[in-house]
Amino acid sequence: MIKKELESHGHVVIEADNGITGLCKVMDEEVDLLILDYYLLPDSEGSDVVRLLRAMEKGRNLPLIMIFARSPAVDTLQLMREWNDAGTVGKLLKPFGPLNPRELSALIADFAAQRS
C-alpha cells in the first residue's frame, strides 16, 4: 500500500526485508528518506536500527518517518521523544485506513519542500 502510493507520486522506492538489509541499502544506494516500520523488523527492533543508522556517516542526518502500532505495553510519549531526538520528520499510526497513504504522501511532500 505504501509503496504503491509513493510510486504513484513519482518516488523511487527501495525496499528491505529487515533492519540490517535496510542499513546496507542506506550505505549502497542514494537514499533521501527512510521509512521504518518500528515493530515489524524480524532481526532487530526499530530502536536498534535507528541507533545503528545514526552511527553511520550516511545515516547520521537521514530523515526518518516511523510507522508504528499503538500498544498498551509501550509508552508512546517516550517513543515520540526518542524519535524526535533521532531526527524523525514524521510518524504514521497503523493500521492504515483510506487516508493514511495520503497522510504519508503529505509528510513526504512537506519533507521535500523543507529540503528545497
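In strand β3, Thr88 turns up as the bridge partner of Leu64. That pairing belongs to a predicted model, and it is a handy way into the sheet. Strand β2 (residues 64–69) and strand β3 (residues 88–94) run parallel, with six bridges between them. On the β1 side, the pairing is parallel as well: strand β1 (residues 34–37) and β2 share four bridges. Here the bridge partner of Leu34 in β2 is Leu64, so Leu64 has a bridge partner in β1 as well as in β3. As for cover, β2 is mostly tucked away, with five of its six residues buried.

Leu34 deserves a closer look. This residue sits in strand β1 and comes out at 16% relative accessibility, which is why it counts as buried, the cut-off being under 20%. Setting aside neighbours within four places in sequence, Leu34 touches Leu53, Leu62, Pro63, Leu64 and Ile65. With Ile65, the C-alpha atoms lie 6.3 Å apart, although 31 residues separate the pair in sequence.

Zooming out, the protein has five helices and three strands, laid out along the sequence as α-α-β-α-β-α-β-α. Of its 116 residues, 38% are buried. Sequence-distant contacts feature heavily: among contacts between residues at least 6 apart in sequence, 62% join residues at least 24 apart. The accessible surface adds up to about 7300 Å², and carbon and sulfur atoms account for 54% of that area.

Terms used. Residues are numbered from 1 along each chain as its sequence is written. This is a predicted model: local features need pLDDT of at least 70, side-chain atom pairs count only at pLDDT 80 or more; totals for chains, interfaces and linings use all residues. Side-chain values use heavy atoms; hydrogens and water are left out. Buried means under 20% relative accessible area, exposed over 50%, partly exposed in between (1.4 Å probe, protein chains only). Helices (H or I, at least four residues) and strands (E, at least two) are DSSP runs, numbered from the N terminus. Two strands pair if DSSP finds at least two bridges between them. Contact means heavy atoms within 4.5 Å. Accessible areas come from the Shrake-Rupley method with a 1.4 Å probe; for residues, only the protein chains shown count as cover.
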